[in-house]
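Grab a pencil and work through these exercises with the structure open beside you. Try each task on your own before you read its solution.

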Amino acid sequence: MGSVAWLGKNGRLAAVPPGRRTRRRLPHLLVGVLLVVVCVGGALWWAASAQGRVSVLAIARPVSVGHVLEPADVHQVEISAADGVATIPAGQAATVLGRPMATSLTAGALLTRGSLGPSMIPASGQAVVAVGLKAGQFPLELAPGAPVLVVVAASTPTAALPAVQGSGDGPTWPATVTGVVRAESDQTTVISLQMPSATAPALARMPAGQVTLVMLAGGER
């Protein structure tokens, strides 16, 4: 193989030995191979992460039982196909819009077929009771579907009340928020709570000023 001519420092043509050409090309070949490996690896990682993921419908903002779903109420999220939840595919959004909610859900909750239709509130063995509370007696983040703990002030006589949780001076009851309506005329907010039928009458007899709601993490009781 012959030599390749190149322009030297003195302006004259000079020959480049074959060995030097090979050494100069070697770094470029390594960079090319590295780029190919990175691209292939990235493609394989993306394909592996995309497998087993499905797009489903979730609640975009809190909705109450009986609310008719609007486009702004739902959005698309991706979950693992192995979760085993009876979700609704994102492509079927048109089949849920305009339908009433059978239960109350918080923002981020996955929408299921069981969430739609005739009201499921109150459930069997449950009752819904309303309490009128002032600012400071409930968290501002309270929304339909939120699990709460109803705490009664110690000044209320509690000897005959069926307290089911807690060891403080007053009774505490677990409940689920089904509705939040803020009155425009005063500072009272009416909050509907679903709770066991055995304890609902006791809460209904409580003076509103002695009731406080504590919002719990999802699933915590």
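## Exercise 1: A charged trio

Arg61 has a relative accessibility of 34%, so it counts as partly exposed. Keep in mind throughout that this is a predicted model.

**Task.** Find out which residues are linked with Arg61 in a network of salt bridges, and sort out whether Asp73 is buried or exposed.

**Solution.**

Step 1. Start with the general idea: side chains of opposite charge can pair when their charged atoms come close.

Step 2. Look at Glu70. Its side chain meets that of Arg61 in a salt bridge, at 3.2 Å from N to O. Glu70 has 38% relative accessibility, so it is partly exposed.

Step 3. Now go to Asp73. The side chains of Asp73 and Arg61 also form a salt bridge, with 2.5 Å from N to O. Both residues sit in the loop between β3 (53–59) and β4 (74–80), so this pair ties together parts that are twelve residues apart in sequence.

Step 4. Check the cover on Asp73. The cut-off for buried is under 20%, and Asp73 comes in at 1% relative accessibility, so it counts as buried.

Step 5. Put it together: Arg61, Glu70 and Asp73 make up a salt-bridge network. The structure holds two salt bridges.

## Exercise 2: The order of the elements

**Task.** Work out how many helices and strands the chain has, and in what order the elements run from the N terminus.

**Solution.**

Step 1. Count by type: you should get two helices and nine strands.

Step 2. Walk along from the N terminus. The order is β-β-α-β-β-β-β-β-β-α-β.

Step 3. Ask how far apart in sequence the touching residues are. Take the contacts between residues at least 6 apart in sequence: 63% of them join residues at least 24 apart.

## Exercise 3: Into the core

**Task.** Find which residues have the most contacts inside the largest nonpolar core, and which strand gives the most to this core.

**Solution.**

Step 1. Recall a general tendency: in soluble globular proteins, nonpolar side chains tend to be buried together.

Step 2. Pick out the residues. The largest nonpolar core has 22 of them, and Leu142, Val150, Trp173, Ile191, Leu193, Leu203 and Leu213 have the most contacts inside it.

Step 3. See where the core gets its residues. At least two come from each of β5 (126–133), β6 (147–152), β7 (172–182), β8 (189–196), α2 (200–204) and β9 (211–215). The top contributor is β5, with four residues.

Step 4. Look for another core. There is a second, separate one of 13 residues, and Leu57, Ile59, Met101 and Ala109 are among them.

Step 5. Zoom out to the whole chain. Of its 221 residues, 30% count as buried. The chain exposes about 13200 Å², and carbon and sulfur atoms supply 61% of that.

## Exercise 4: A strand with two faces

**Task.** Say which residues of β5 are on its covered face, and how β5 and β8 run.

**Solution.**

Step 1. Sort the residues of β5. Ala127, Val129, Val131 and Leu133 form the covered face, while Gln126, Val128, Ala130 and Gly132 form the uncovered one.

Step 2. Check the pairing. β5 and β8 run antiparallel and are joined by eight bridges.

Step 3. Try one bridge yourself: Val128 has Gln194 of β8 as its partner.

## Exercise 5: Far in sequence

**Task.** Find which residues Gly108 and Pro139 are in contact with, leaving aside neighbours within four places in sequence.

**Solution.**

Step 1. Locate Gly108 in the loop between β4 and β5. Its relative accessibility is 51%, so Gly108 counts as exposed.

Step 2. List its contacts: Ala58 and Ile59. Ala60 is 48 residues away from Gly108 in sequence, yet their C-alpha atoms are 6.0 Å apart.

Step 3. Move to Pro139, in the loop between β5 and β6. Pro139 is in contact with Leu213 and Met215.

## Exercise 6: How much to trust

**Task.** Find where pLDDT stays under 50.

**Solution.**

Step 1. Begin with the average: the chain has a pLDDT of 77, and 66% of the residues score at least 70.

Step 2. Find the weak stretch. pLDDT stays under 50 over residues 163–167.

Step 3. Read with care: where pLDDT is low, the predicted coordinates should not be read in detail.

How values were computed: Residues numbered from 1 in each chain as written. Predicted model: local features only at pLDDT ≥ 70, side-chain atom pairs only at ≥ 80, totals over all residues. Heavy atoms only, no water. Core = buried A, V, L, I, M, F, W, Y, C linked by side-chain atoms within 4.5 Å. Buried < 20%, exposed > 50% of the residue type's maximum accessible area, 1.4 Å probe, protein only. Contact = heavy atoms within 4.5 Å. Areas by Shrake-Rupley, 256 points an atom, 1.4 Å probe, with all protein chains shown as cover. Salt bridge = Lys/Arg side-chain N within 4 Å of Asp/Glu carboxyl O. pLDDT = per-residue confidence, 0-100. Pairing = 2+ DSSP bridges.
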